[in-house]
Every structure is written in structure tokens, then in C-alpha cells.
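This report considers two surfaces of one model in turn: the contact between two protein chains, and the surroundings of a DNA strand.

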Number of protein chains: 2
Amino acid sequence: MGNAYNVMAATCPSRTVLHRIGARWTVFIVNALDNRPMRFTQLKAHIRGITSKALTETLRAMEYDGLISRTETPANPPHVEYALTDLGRSLLTPLRAVREWAESHVPDIERARAQADAQR
Amino acid sequence: MGNAYNVMAATCPSRTVLHRIGARWTVFIVNALDNRPMRFTQLKAHIRGITSKALTETLRAMEYDGLISRTETPANPPHVEYALTDLGRSLLTPLRAVREWAESHVPDIERARAQADAQR
DNA sequence: CGGGACGGTATAGATTTTATACCAGTATCT
DNA sequence: AGATACTGGTATAAAATCTATACCGTCCCG
């Protein structure tokens, strides 16, 4: 019982989905919201190096896709919380694995690069 | 015993790694080489919509990072085979999960988008 | 009144991706 | 012999995306 979608097909909707979840900052936001909701400035501080614009745009796209919820509490200073939805939480499993792979294979990659550099 | 790397730090080497494995076409190539080596034109035909340039550059970067091997067999017409290395195969597990998530959650995402569109 | 926190926008420049064409070497067809 | 096709790519320019930097309005605190 495979499903009908195949990312290898240029026009398959799953490719759009893969493109979205593979976007530059999505993996960071999903991992950041892992176990707690976060506010805009918290996210910006936590994901070092992201600009407000990139954060805003990625959050908007993820909200549109139903991966996160945006909750505005009327108060001042303004209080806006972002949290993973159930759908977003289901994405956490694979994306956490990707993050963990990156963090645990740095030495392997550096070794491969050094070896490739030495070869020439 | 966590490791010393953290992708949330702007200058952590793991971020460079994450950036590389999150690059546009890496997930496609890793999944395509899943169970068999493939030649350039096979890959290009299998991953519908990729251009020669994107394929060449992604393959070169992945080879540099030690994720794939490139084997040129002296024959004509030219015969060049790309295959996952052990390191690349270890990346297959998380990236296959990402691909599968994309393929299996298309209806959820489409539903969320339709609902967001309806709301305005 | 001055200054800061919050949740962002605006604008322009840099980088990356895509589209389109083209190439050299060999083999095969006519 | 000449035309054609397949392989594994390059070259070039245009289009899309990402980053850097500055700035905003509202409110509160002192």
C-alpha cells in the first residue's frame, strides 16, 4: 500500500511539500519549537543568525501549511506565541533526525573534505 | 552524552553540514541512490526537472563531503557511476523519512492551505 | 519627555537556482 | 563519407531567493 505521490515527478504535489519542509529555516524552527511554544524574539535569539525577515516569512509559510499555530494574546507589549500543531509535531520526528545527523557527523564530513583537499 | 555541536549556533560547523544536506537537491539524490548506483543520465531522468548544472554541482559537493563516490569506467560511451558511501548510506535513513513524510502528508497540507485560503 | 521591548516592514544588494544552449568523443545508420 | 545520436558534462544570462541594514508604531517605565 504505497501512496500515490512521488517526489521524483516534477509536478507531483509532494515535491512542493518537500520543497517547503526543506526550505532554509524550516528545520530550525521545527527543532526550536520541539518541546515548548516560543515567541518571535525568543525564536530569533535561539536560532542564531536568522534575520527578522527570514523568520517572519518562514513562520507565515509554515502557518499557511498548517505546521505551526500563531497565537496573539492581546496585551502589551504584544505577545505572540508560535507552537507546533499536530501536523508539525509529526514532522518533528524526521527533522530532529536530520538535525541530529548533522550534529553527529561533523567530524566525518570534515575528514572527507580534508582528504579531498589533500588529493589535489 | 550529547555531542559538542549545536546547529542553533550561527558559526557551529554543524550548521554548514545541515546547510549542505538541506540543499535543494541533496534529498533527491540520496533517495535516488537508495538501493543501486546510478549514472549521470539515469539520475537526470529519474529526478524529473533537475538541470544538468544543478545535478553536476550537487554531485560534486556531495562527493567532496564524502557522501557519494564517483567511479569513472574507461569505456565508450563514457560510463560514470555514482553511489552512496557508507556515510551517505547513514544519511539515507533520515532523508528517506523526510521524503516519506512529504509523500504521505500531501492531503494534510493541502487541507491546511485550503482552510487558510478560505479564511480570508 | 527619553528610552526600551515587542513584533514585525522596507529596501537594496548578494547569492543561488533555473533556463537554454552548446561541446567533445565515440558509435551507428545510410 | 556524412548525418545522427548518446554520454557526461560547461557556459552564460536571466530569474528567484536570501541576507544585511535600517526603520516603524504601540505601549510602558522612569
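A salt bridge is counted here when a side-chain nitrogen of Lys or Arg lies within 4 Å of a carboxyl oxygen of Asp or Glu. In this predicted model, the side chains of B:Asp65 and A:Arg113 satisfy that criterion, with an N to O distance of 2.6 Å. The count of salt bridges between chain B and chain A is two.

**Interface of chain B and chain A**

The size of an interface is often given as the accessible area lost when the parts come together. For chain B and chain A, the buried area is about 4500 Å², and carbon and sulfur atoms give 69% of that area. On the chain B side, the most area is lost to chain A by B:Met8, B:Trp101 and B:Arg113, which together make up 17% of what that side buries. The contact draws 53 residues from chain B and 53 residues from chain A.

Besides the salt bridges, polar contacts were also counted: 16 residue pairs across the interface of chain B and chain A meet the rule, both residues being at pLDDT 80 or more. Four helices of chain B, namely α1 (13–21), α2 (26–32), α5 (86–104) and α6 (106–118), each supply at least two residues of the side that touches chain A. Of these, α5(B) provides the largest share, 12 residues. Divided by class, the side of chain B that touches chain A comprises 29 nonpolar, 13 polar and 11 charged residues.

**Surroundings of DNA strand D**

DNA strand D is surrounded by 16 residues, the closest being A:Asn76, B:Thr41, B:Arg60, B:Arg70 and B:Tyr82. By class, the residues of the surface near DNA strand D are six nonpolar, five polar and five charged. In chain B, α3 (40–46), α4 (52–64) and β3 (79–84) each contribute at least two residues to the surface near DNA strand D, and α4(B) gives the largest share, four residues.

Which part of DNA strand D accounts for 75% of its atoms within 4 Å of the protein? Sugar or phosphate accounts for that portion, while the rest belong to bases. The table lists residues with a polar side-chain atom placed against a phosphate oxygen of the strand.

| Residue | Partner | Distance |
|---|---|---|
| A:Trp25, polar side-chain atom | phosphate oxygen of DNA strand D | 3.0 Å |
| B:Arg70, polar side-chain atom | phosphate oxygen of DNA strand D | 2.7 Å |
| B:Tyr82, polar side-chain atom | phosphate oxygen of DNA strand D | 2.7 Å |

B:Arg70 and B:Tyr82 are also among the closest residues to DNA strand D.

Key:
Residues numbered from 1 in each chain as written. Chains lettered and ligands numbered in written order. Predicted model: local features only at pLDDT ≥ 70, side-chain atom pairs only at ≥ 80, totals over all residues. Heavy atoms only, no water. Contact = heavy atoms within 4.5 Å. Buried area = accessible area lost by both parts, 1.4 Å probe. Polar contact = N/O pair within 3.5 Å; in protein donor to acceptor, adjacent residues only side chain to side chain. Nonpolar A, V, L, I, M, F, W, Y, C, P; charged D, E, K, R; others polar. Near = heavy atom within 4 Å.
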